[in-house]
Amino acid sequence: MEITYREEVKRKLVHLSSLWMPAATLLLAPWPWCAPVIFFLLLLLTLVSEHDYANGGKYLGRLYGKLFGQMLRNEVKPGQWIVSGGAPVLAAALLVNLLFPAWIAAGALTVMLTGDIAAALIGRKFGRHKLVNGKSLEGTASFILVGYIALALVLVITHRPLLPDFAIGFLAVLVGGLVELFQKQLRLDDNLSIPLSVGLVLLLTLL
């Protein structure tokens with residue numbers, strides 16, 4: 001079921017609000033255990049709420065339905081548990097905080113959150129030149145441009161050197177853009193695959 005463009009915008013605004021995650025990652029950097037614990041608990045709460053919603057729960061399920069029900073891409077049938085995009089985002093936040101230094105984790109999450117929004121909205125509205133998997137050149141280019149600007153801001157905030165970090169940062173975002181483009185072939189939710197791939201490039205080249 002394809003949702004309307006208006007509902008897509010709402011979904012992406014929720015996505016954008018998740019920028020608190022990289023911000024929290026940086027703020028909690030002096031206490032490396034703190035961010036993973038928070039993201040784990042939120043992931044658990046999200047999964048429980050979605051399960052409760054699928055089973056017609058009166059409390060968490062009803063609240064979840066009011067907040068996010070109309071933004072789900074697939075209609076939930078009674079008893080059918082569909083994991084939304086929120087759970088992979090939280091899982092990605094948990095994983096990158098476990099695997100990478102705080103500045104890389106924050107940068108990788110920021111690329112995923114901003115680049116994915118740009119690719120979805122620009123691609124759906126203005127995408128004219130199709131590439132693969134229904135994705136467009138306009139959407140992919142938007143991902144790379146917006147994602148790199150966002151990553152550059154993280155690099156500035158974390159006082160990373162101009163070279164080679166900003167050059168490698170572009171390479172990392174380019175890899176993230178390719179991962180987003182070939183999401184179907186990778187068979188992994190792009191909310192997970194993008195930050196993990198971006199973080200891995202940064203880790204292997206800058207540390």
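I take helices (H or I, at least four residues) and strands (E, at least two) as DSSP runs, numbered from the N terminus. With that in hand, I placed Leu200 in helix H10, which covers residues 190-206.

**Ground rules.** I note that this is a predicted model, in which local features need pLDDT of at least 70, side-chain atom pairs count only at pLDDT 80 or more, and totals for chains, interfaces and linings use all residues. Residues are numbered from 1 along each chain as its sequence is written, and side-chain values use heavy atoms, with hydrogens and water left out.

**Leu200.** I use buried for under 20% relative accessible area, exposed for over 50% and partly exposed for what lies in between, with a 1.4 Å probe and protein chains only. Leu200 has 43% relative accessibility and therefore counts as partly exposed. I also looked up its separation from Val96: the two lie 104 residues apart in sequence, while their C-alpha atoms are 9.3 Å apart in space.

**Whole chain.** I counted ten helices and zero strands in the protein chain, and reading along the sequence gave me the pattern α-α-α-α-α-α-α-α-α-α. Of the 207 residues in the chain, 47% are buried. For contacts (heavy atoms within 4.5 Å), I considered those between residues at least 6 apart in sequence, and 71% of these join residues at least 24 apart. Accessible areas come from the Shrake-Rupley method with a 1.4 Å probe, and for residues only the protein chains shown count as cover. The accessible surface of the chain comes to about 11,100 Å², and carbon and sulfur atoms hold 70% of that.

**Helix H6.** I checked the length of H6, residues 102-126, against its expected span, which is 1.5 Å times one less than the number of residues. Its 25 residues should span 36 Å at 1.5 Å a residue, and the end C-alpha atoms are 35 Å apart, which agrees. I then asked how many of its residues are buried. The count is 20 of the 25, so H6 is largely enclosed by the rest of the structure.

**Helix H2 and the first aromatic pair.** Ala24 sits in helix H2, residues 20-27, and is buried because its relative accessible area is 16%. Its C-alpha atom is separated by 9.7 Å from that of Ile38, 14 residues away along the chain. For aromatic pairs I required ring centres of Phe, Tyr and Trp (its six-membered ring) within 6.5 Å, calling planes under 30 degrees apart stacked, over 60 edge-to-face and the rest tilted. A search of the whole structure returned two such pairs. In one of them, Trp20 and Phe39 are tilted, with 5.7 Å centre to centre and 40 degrees between the planes. This pair links distant parts of the chain, since Trp20 belongs to H2 and Phe39 to helix H3 (residues 34-54), 19 residues apart. Trp20 counts as partly exposed at 38% relative accessibility, whereas Phe39 is buried at 1%.

**The other pair.** Tyr148 and Phe170 are edge-to-face, with 5.5 Å centre to centre and 85 degrees between the planes. Tyr148 lies in helix H7 (residues 137-157) and Phe170 in helix H8, 22 residues apart, and this pair too links distant parts of the chain. I found Tyr148 partly exposed at 23% and Phe170 partly exposed at 39%.

**Nonpolar patch.** Patches are made of residues with over 30% relative accessible area and no salt bridge, with like charges joined within 9 Å and nonpolar side chains (Val, Leu, Ile, Met, Phe, Trp, Tyr) within 5 Å. A salt bridge here is a side-chain nitrogen of Lys or Arg within 4 Å of a carboxyl oxygen of Asp or Glu. I located a nonpolar surface patch of about 800 Å², whose members include Leu131, Leu137, Phe170, Leu171 and Leu188. Which helix gives the largest share of the patch? Helix H8, residues 165-181, does so with four residues. Leu171 lies in H8 and is partly exposed at 37% relative accessibility.

**Backbone checks.** Most residues other than glycine have a negative phi, and most peptide bonds are trans. I therefore noted the bond from Leu163 to Pro164, which is cis with omega near 0 degrees. Pro164 is in the loop between H7 and H8. His159 is in the loop between H7 and H8, has a positive phi near 60 degrees and is exposed at 72%. Arg187, in the loop between helix H9 (183-186) and H10, has a positive phi of about 55 degrees although it is not a glycine, and is exposed at 76%.
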